[in-house]
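Q: Please take a close look at one part of this model: the places where its pieces touch. Walk me through them.

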Amino acid sequence: MNGRQIGDVILDLQNISLRFGGVKALTDISFDVREHEIRAIIGPNGAGKSSMLNVINGVYHPQEGRIVFHGEERRKMEPHMAAMQGIARTFQNIALFKGMSVLDNIMTGRITKMKANFLEQAIHVGRARREELAHRRKVEEVIDFLEIQHIRKTPVGRLPYGLQKRVELARALAAEPSMLLLDEPMAGMNVEEKQDMCRFILDVNDQMGTTIVLIEHDMGVVMDISDRVVVLDYGKKIGDGTPDDVRSNEEVISAYLGVAH
Amino acid sequence: MPDTADRALDTFPRLLFHHARVRGDKAAMREKDLGIWQSWTWADVAEHVRALACGLAALGFRRGDNLAIIGDNRPRLYMMMTAVQCLGGVPVPLYQDAVGAEMLFVLQDAGVRFALAEDQEQVDKLLEIQEQLPSLEHIVYDDPRGMRHYTQPFIHDIDELMAMGRIHDQNHPDFLDGEVALGKTDDVSVMLYTSGTTGKPKGVCQTHDAFISSGRGGCEFDKLTDAEDILSYLPMAWVGDHLFSFAQAQVAGFTINCPESGDTVMTDLREIGPTYYFAPPRVFENLLTQVMIRMEDAGAIKQKMFHYFMGVARRCGAEILDGKSVGLGDRLLYALGHLFVYGPLKNVLGMSRIRVAYTAGAAIGPDLFRFYRSIGINLKQLYGQTETCAYVCLQPDGQIKLDSVGMAAPGVEVKIANSGEILVKGPMLLKGYYQRPDATAESINADGYFMTGDAGFFDDDGHLKIIDRAKDVGKLANGAMFAPNYIENKLKFFPHIKEAVCFGHDRDMVCAFINIDVGAVGNWAERRGIAYSGYTDLAGKTEVLGLIQECVEKINAELVQEGMLADSQVHRFLVLHKELDPDDDELTRTRKVRRGFISEKYAALIEALYGGKTSQYIETEVKFEDGRRGKVAADLQIRDAKTLPVVKKAA
């Protein structure tokens, strides 16, 4: 497709099991993510896809299994530590500040990069001021990249759904992540919005070299843009491989289409 | 820089290098990039143009070559025009929203060897039709985004082109000045394609002299200086943009400002606050529609205040602007109105600093025109066409007549043929249509007058009035004059009507197709709690038909007052089930209706209108932006509008 180089494994999940009390959300799941690839997680509702993402960015702590990120085994950690390590994400149900402008929302994505202390920021002098200019520039680059200049000053709550999704992606990109987790980036979008979003995801992956892990229900989209796909069902992994492998996998077909008993 | 190129300021490259010397550190161009306005001074522009021209020469660009320019208004696209002119080549700007197949004709006709494409989208269009374009050798792109994987050797980044040019310039320091010195004032400076309301587009060749004369005439007429700011947002392929953003800017040395993107024009307009502004009537109309929509949503007190002071403005605003005598009471009220309504309103529109604003391209509704003048915006009309550098008639300050296009511009001779057609002569006339001597001979008569194809007449004060396209003016079956454009413009002034097409030639009455304005009618419907799913649904609502019927009946009441047009009252109408669209060939790229095409495509509807039916089923194919096709079908209701009896005056 292009000259993009898929690199080594940067995230390795080994035998992950996650339980909430007696409920097994994930059972003994292993898969890996390589640098610069687009990795999709698919599966029927309740298969554990979002839980998997939450494990990756440290919201949930699996009871069993090892997570190796950039060659280091991860200890128990908090989501903001994942953000510090360069993992950003978007949410299935948009989680933006509705009353704030698009620009301010994207600015919040820079939070982990801000060095000035609270007092400096409050009186807006010296380091805080210089910093803000630099951050603003980065944010403007993201705005330009995602073509949302015309809504820069518009409160997010007034935007149509498709644009809100794009703003959420913008906020994640503002953090300059090395790995981006997208939870159903195209849910509820019309065909045109989906095409736009696909193009942006491919552009991000191609031009910024960002590794992308995404959950998506639209099979057309997943098969089109992903390099490798992992399939979950009832918290178990039932398939893993290229889109073509997965498409011809018997177990996957039966999980999605059902089998005659 | 040696002065050899500067014997006389009679070509655009010489003008540019002149400005670089006398006002080198003044801003020539601005563009908003990453949210911040970036400036290029005249010296910067001259340096870039030099590098671009030398780069082109290094690629093998020869005197007389044509270079296509495809993209939104961007500084480097304007610079490329001058760079091409430096080498004695001809820039050919194209409408950037056309699809590849539409561009193909122009690119083939012009035999372009080089093309400058703004971005990946435009490059893709060129690659798509490349096989049918054997003459095309090099594609240069302005925006590198998404271009990383285009490794074809004939595709060049504009920055690389300039780097190449700078090396060429160092090795051959006298080269460019020599090339500029070779330029003659009657060389072709630009080729603009006519929009093709009739038949295939034709390349209009204009010389340096034509555009410089037009630019000078216009600048003197309106006393434009190098302090003006203009927002350049109209297609570069349009003659109006070339006159205002290129020719006049280069003659007077003022600043052009390029918007960030097509969607941000309104914001950019507010931020720049241009002093000199040009827009087709459609833009002024849209602005007014938006203001009216927002006013309808405003609180009761604000609405009252707005309507009261707009009443004051209607009474005396235009007179005050023209310097006519107005009573003290009205002057005081107008001053108050300025404080509370007109000032803030102009600010919201981005028009606080405007000294001169022009409109052209289509007739502007008198009420719309008067609205802007009454709030103190010096909006004027001009008249011209691609073949005349958009420079034939201008309205002089203080002598504005709402229904005329003003007097002959300095250096231009205008006369009316016996047939009523307007004929013009002057330095701004085209040199010829590109490789079409037959068409050139057809449009310029034996005495050297260009035949505009418009019908008009001079009033008692020497102001020119345009009635319609000469060929569109028809007759009703009873012999009365029928000027469809005139009626359509009246209809289109209503904020709820976006487009109208009238029929009546050789018929016993006038009937009309209407397109509603989705924004305005949608808002109207929402406030009345009328649910709708989209254009087709909204257009078919009985309530909406009632609303449009009121509009039609209002213009019938106006028409009956207008003597020779009284017979043109609209008897029957329908609201079309889809918006007329350039993609479906119903409008030209400059959004003029293609009457002939529409009457063929919708023949069944016309038949139903004249056949007295009350409804008609129609199915139409539509093209989507991505090239796919679909069908829109609807059962259209046909309404009779009330008409008033025509009182025949004794002749």
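A: What follows goes through the contacts between chains and between domains.

This is a predicted model, in which local features need pLDDT of at least 70, side-chain atom pairs count only at pLDDT 80 or more, and totals for chains, interfaces and linings use all residues. Residues are numbered from 1 along each chain as its sequence is written, while chains are lettered from A and ligands numbered from 1 in the order in which they are written.

Start between the chains. Nine residues of chain B are in contact with 12 residues of chain A (C-beta atoms, placed from the backbone, within 7 Å). The chain B side has five polar, three charged and one nonpolar residues. Here Ala, Val, Leu, Ile, Met, Phe, Trp, Tyr, Cys and Pro count as nonpolar, Asp, Glu, Lys and Arg as charged, and the others, Gly among them, as polar.

Now chain A itself. Its domain 1 covers 1-86 + 177-196 + 206-261, and its domain 2 covers 95-176 (bounds from an automatic or database domain assignment). Over C-alpha atoms, the centres of these two domains of chain A are 27 Å apart. Eight residues from domain 1 of chain A and eight from domain 2 of chain A make the contact. The domain 1 side has six nonpolar residues, one polar and one charged.

Chain B is assigned domain 1 (3-203 + 234-259), domain 2 (281-469) and domain 3 (474-640). Take domains 1 and 3 of chain B. Their centres, over C-alpha atoms, are separated by 41 Å. Six residues of domain 1 of chain B are in contact with five of domain 3 of chain B. On the domain 1 side, three are nonpolar, three polar and none charged.

Technical notes. Contact = placed C-beta atoms within 7 Å.
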